[in-house]
Amino acid sequence: MQKADLIVGLQWGDEGKGKIVDNLAQKYDYVCRFAGGHNAGHTIVTEGKKYALHLVPSGVLNKDAINIVGNGVVLSPKDFIKELEQFDDIEGRIYISDKAHLLLPYHAQIDQAKERLKGDKAIGTTGKGIGPAYGDKITRVGHRVGELHNPKKLCEDILSYFEINKPIFDAMGVEVPDGGELLKELEFYSQKLSPFITDTTLMVWDALDGEKRVLLEGAQGTMLDIDHGTYPYVTSSTTISAGACSGLGIAPHTIGEVIGIAKAYCTRVGNGPFPSEDFGKEGEYLRKKGKEFGTTTGRPRRCGWFDAVAMKHAVRLNGVSNISLMKLDVLDGLEEIKVCVAYEIDGKEIDYVPYTLEGAKPVYKSFKGWQKTEGVREFANLPQEAQDYILELEKLCGAKIGIISTSPDRDDTIIRS
Ligand code: GDP
Ligand code: IMO
Ligand code: MG
């Protein structure tokens, strides 16, 4: 049986997963999203045109690939329908799991209300309703995409959920939806999405049994994983490779290569510990040069140096066989480049990710900078200092760097293996 290859983010998201999935998708028959929702923002640049994808898998630009939104995703019908409008030939090329959970407008209202009430303890969520939608799933009061086949019953169930939770929602200032309007909205979603809803688990099994090439696309990043990230400053899903099994319904032994995506430096959007954050002019340089502003919320991303300790942790957690190192060109022109190789916590130096990264100070190793890598497509054509940097990162992280990206463009990519 064919094995499915997996793409996963190794840092705090926005590593450049979209570019690599798009790039590799040309060689795959199926591209399947397994976690997250429209908190994700994957940017793809091809032939000078820029696409921002949130729920639609990044394989969509390969006209021959079938795209699957797995059961592990929380799906906002409203946002999904809007996103599909960018493509005119989508029917038969995208399917949604009937077991994926619905993310409805009230989830976003609850998310935003909770963040407001938390004040300076806010997580800095995207405000899209991700936490409340996964919360409803886990506490078994959520609704699945398959329920859109019977909008009337779904509407009644949602109204009764509001009835039960009214005191809580009133306290948070969350509006109870009007029954008539809600039904109309659900009927619209049902009519628009019915052609796409199916049992995607069976589809993926059939694809693997039929020797099709399947690519699994992660969202967010390892350090945002609900169990292994910087809790509570994380997202609400299993972002690591294990999430692909539950989020699509496939067995661990059917996973083939695990390709981890990492930037040549580090960013984080939202609150929470980020030991190698640079608050000075280099951080600002990376933000400007790397255009580090969120695809989903437009927020400026916090920027800093490559964290080799967190990377080693991510390589192990995901079983990464190959790293794609992105945005190397953003480091062009810097005199000195730093890499975090240990943390200092309470006066002690450690080289692993502990229970919490609160208060962890970075211990840096310094590298000599270089002038230009932008647009380079062969490893041997990179400046010697950039080659040295990459070879040292491989040693520090314990995985091979097989792909190096030197611009947003699909073709500015070095393939080493
Ligand atoms: P994702 O969420 O992991 O898919 O990443 P995002 O799309 O949120 O952020 C990555 C950004 O970096 C996008 O704007 C890409 O177009 C851009 N990008 C990807 N690879 C490169 C690269 O090698 N160099 C530069 N300069 N930009 C890149
Ligand atoms: P992609 O797939 C970067 C962050 C939010 C916040 C935390 C929780 O584009 O890499 P949530 O709305 O999920 O409850 O917010 O997670 N976050 C991301 N950061 N890239 C993402 O996705 C993210 N998705 C969520 O900023 O800190
Ligand atoms: Mg992103």
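Here is a walk through the two ligand sites of this predicted model, followed by two unusual spots in the backbone.

Let's start with ligand 1. The space that ligand 1 takes up is the second largest pocket. Two elements, α1 (17-25) and β3 (42-46), each give two or more residues to the shell around ligand 1. That shell holds 20 residues, and the closest are Lys17, Gly41, Thr43, Asp329 and Ser405. If you sort the shell of ligand 1 by chemistry, you get 4 nonpolar, 9 polar and 7 charged residues.

Now zoom in on the polar contacts. In the side chain of Asp14, an N or O atom sits 2.9 Å from an oxygen atom of ligand 1. Thr43 joins in through its backbone, where a polar atom is 2.7 Å from a ligand 1 oxygen. Arg301 uses its side chain instead, with a polar atom 3.2 Å from an oxygen of ligand 1. How much of ligand 1 does the protein bury? On its own, ligand 1 would expose 580 Å², and the protein buries 92% of that.

Next, move over to ligand 2. Here too, 20 residues make up the surroundings, and the closest are Asp14, Lys17, His42, Thr126 and Thr235. Lys17 is worth picking out on screen: it is listed among the closest residues for ligand 1 and also for ligand 2. Asp14, which has the side-chain contact to ligand 1, is likewise one of the closest to ligand 2.

For polar contacts to ligand 2, look at Gly41, where a backbone N or O atom lies 2.9 Å from a ligand oxygen. The side chain of His42 brings an N or O atom to 2.8 Å from an oxygen atom of ligand 2. With Thr235, the gap between a side-chain N or O atom and a ligand 2 oxygen is 2.6 Å. Taken alone, ligand 2 has 550 Å² of accessible area, and the protein covers 98% of it. The shell of ligand 2 splits into 7 nonpolar, 10 polar and 3 charged residues.

Why does ligand 2 lie between two domains? Domain 1 (4-77 + 201-415) and domain 2 (101-195) both contribute residues to its shell, so ligand 2 ends up between them.

Finally, a quick look at the backbone. Most peptide bonds are trans, and most residues other than glycine have a negative phi. The bond from Tyr231 to Pro232 is cis, with omega near 5°. You'll find Pro232 in the loop between β10 (214-217) and α9 (242-248). The other spot is Arg140, which is not a glycine yet has a positive phi of about 65°. Arg140 is in the loop that runs between α4 (130-138) and α5 (151-164).

Key. Residues are numbered from 1 along each chain as its sequence is written. Chains are lettered from A and ligands numbered from 1 in the order in which they are written. This is a predicted model: local features need pLDDT of at least 70, side-chain atom pairs count only at pLDDT 80 or more; totals for chains, interfaces and linings use all residues. Side-chain values use heavy atoms; hydrogens and water are left out. A residue is near a molecule or strand if one of its heavy atoms lies within 4 Å of it. A polar contact is a pair of N or O atoms within 3.5 Å; within protein, one must be able to donate a hydrogen and the other to accept it, and residues adjacent in sequence count only if both atoms are side-chain atoms. Accessible areas come from the Shrake-Rupley method with a 1.4 Å probe; for residues, only the protein chains shown count as cover. On a 1 Å grid over the protein atoms alone, a cavity is a set of points where a 1.4 Å probe fits but cannot get out, and a pocket is an open set with protein on both sides within 12 Å along at least five of seven lines; lining residues have an atom within 4 Å of a point. A molecule sits in a cavity or pocket if more than half of its atoms lie within 2 Å of its grid points. Helices (H or I, at least four residues) and strands (E, at least two) are DSSP runs, numbered from the N terminus. Ala, Val, Leu, Ile, Met, Phe, Trp, Tyr, Cys and Pro count as nonpolar, Asp, Glu, Lys and Arg as charged, and the others, Gly among them, as polar. Domain bounds come from an automatic or database domain assignment.
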